[in-house]
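Here is a short tour of one protein chain, written to be read with the model open beside it. Let us start with a single pair of facing residues and work outwards.

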Amino acid sequence: MPQIGNIAFNNVSFSYDDKTQSLRNIYLNIKNGETIALVGTTGSGKTTLVNLLTRFYTPSSGLISINNQDINSFDLESYRSNFSYVDQNVRLFNDSISGNIAFGQKDKMSLETITNAAKISNSNEFIEKLDNKYDSEIGEDGVTLSGGQRQRLSIARAIAKDSPILILDEATSALDSATEKLVQSAINKMQKGRTTIIIAHRLSTIKNADRIIVLKDGEIIEQGTHSELIKASGEYLKLTQQQT
């Protein structure tokens, strides 16, 4: 697997049932280190696009490439190791704090890497207050932790994994405003130096994206910065007005 660089969707279409196309003729280039947000109503194709990139599905037609090489030519396990995924449905295990951050790599991952990830994700403060700190058991699905603490642990896991591509699926939507600020701060730190793809539901969270991609009925109909799209007075402006 070569070093991750530019991602390209070249005339990509996809259908789940060979009848209705969920994506149509997608041309999209994502530069290495760029933060893009995918925007659109439910069913517009945001999640499908990400599922194709992460190879949960294969395009019906067209090509997805990284550094001009077809993504299907890479070993799947090696390829997927380049992605970290954070969403509102946090998946934690009946294990210690450190075990959850290391996520199956505890024997290979140093304590320094684990604690550094916890600090960047704003998790260290609450971990240090636990009786057994990083050795504290958190129960099935992190039942002993609050929603905000679970979300920050999932971010710590993504930081520790140190993947070059980060996918965020509305990672703060289930949190109260104070906790959301902590989690968003952690996300902002994590994005540095990484290619970031945000599946956006609440448009207020993606104003600072390098580029916003607007999808409708499986097609890209607009793209640009937040200010550019507001000035264009198109679909993006309608979507923002619906959320105010």
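## Strand 1 and its first partner

Ala8 has Asn29 of strand 2 standing opposite. Keep in mind as you look that this is a predicted model. The two residues belong to a longer stretch of pairing: strand 1 and strand 2 run antiparallel and are joined over 6 bridges. Together the two strands make a hairpin with 5 residues between them. Within that turn, Asp18 has a positive phi of about 65°.

How much of strand 1 is buried? Of its 9 residues, 7 are buried, so the strand is mostly covered.

## The sheet around strand 1

Strand 1 (residues 7-15) also pairs with strand 4 (residues 61-66), again antiparallel, through 5 bridges. Two facing pairs are easy to find here: Ser13 stands opposite Ser61, and Asn10 stands opposite Leu63. In general, the strands of a sheet pair through backbone hydrogen bonds, in a parallel or an antiparallel sense.

In what order do the 4 strands of this open sheet lie? The order is 2-1-4-5, with antiparallel pairing. Strand 2 (21-30) and strand 5 (69-70) stand at the edges with a single partner strand each, so one side of each is left without a neighbour in the sheet.

## A hairpin further along the chain

Strand 9 and strand 10 (residues 219-224) offer another antiparallel pairing, this one over 5 bridges. Val214 has Glu222 of strand 10 as its bridge partner. The hairpin of these strands has 2 residues between them, and Asp217 takes a positive phi near 50°.

Strand 9 is also tied to a helix. Lys216 forms a salt bridge with Glu235, with the closest N and O atoms 3.7 Å apart. Because Lys216 lies in strand 9 (residues 211-216) and Glu235 in helix 9 (residues 235-242), the pair ties together parts that are 19 residues apart in sequence. Lys216 is partly exposed, with a relative accessible area of 37%, whereas Glu235 counts as buried at 15%.

## Other salt bridges

How many salt bridges does a search of the whole structure find? The search finds 5. As a general point, side chains of opposite charge can pair when their charged atoms come close.

One of the salt bridges joins Arg194 to Asp162, with the closest N and O atoms 2.7 Å apart. Arg194 sits in the loop between helix 7 (177-191) and strand 8 (195-199), and Asp162 in the loop between helix 6 (147-161) and strand 7 (165-169), so this contact ties together parts that are 32 residues apart in sequence. The partners differ in their surroundings: Arg194 is buried, with a relative accessible area of 10%, while Asp162 is exposed, with 54%.

Lys129 and Glu125 form another salt bridge, their closest N and O atoms being 4.0 Å apart. Here Lys129 counts as exposed at 64% relative accessibility, and Glu125 is exposed as well, with a relative accessible area of 58%.

## Two sides of helix 4

Which residues of helix 4 (residues 111-120) are buried? They are Ile114, Thr115, Ala117 and Ala118. These residues cover an arc of only 155° around the axis, which puts them on the same side of helix 4. Glu112 and Lys119 are exposed on the other side of the helix.

The general geometry helps here: an α-helix has 3.6 residues a turn, so residues three or four places apart point the same way.

## The largest pocket

Finally, turn to the largest pocket, which holds about 580 Å³ of space. Of the 19 residues that line this pocket, the closest to its centre are Ser84, Tyr85, Val86, Arg91 and Phe103.

Where does the lining come from? Helix 1 (46-53), strand 6 (83-87) and helix 6 each supply at least two residues. Strand 6 gives the largest share, with 5 residues. Sorted by class, the lining has 9 nonpolar, 5 polar and 5 charged residues.

Methods:
Residues are numbered from 1 along each chain as its sequence is written. This is a predicted model: local features need pLDDT of at least 70, side-chain atom pairs count only at pLDDT 80 or more; totals for chains, interfaces and linings use all residues. Side-chain values use heavy atoms; hydrogens and water are left out. A salt bridge is a side-chain nitrogen of Lys or Arg within 4 Å of a carboxyl oxygen of Asp or Glu. Buried means under 20% relative accessible area, exposed over 50%, partly exposed in between (1.4 Å probe, protein chains only). Two strands pair if DSSP finds at least two bridges between them. On a 1 Å grid over the protein atoms alone, a cavity is a set of points where a 1.4 Å probe fits but cannot get out, and a pocket is an open set with protein on both sides within 12 Å along at least five of seven lines; lining residues have an atom within 4 Å of a point. Grid points are joined across faces, edges and corners, and a volume is the space filled by probe spheres set on the points. Ala, Val, Leu, Ile, Met, Phe, Trp, Tyr, Cys and Pro count as nonpolar, Asp, Glu, Lys and Arg as charged, and the others, Gly among them, as polar. The arc is that of the directions from the helix axis to the C-beta atoms.
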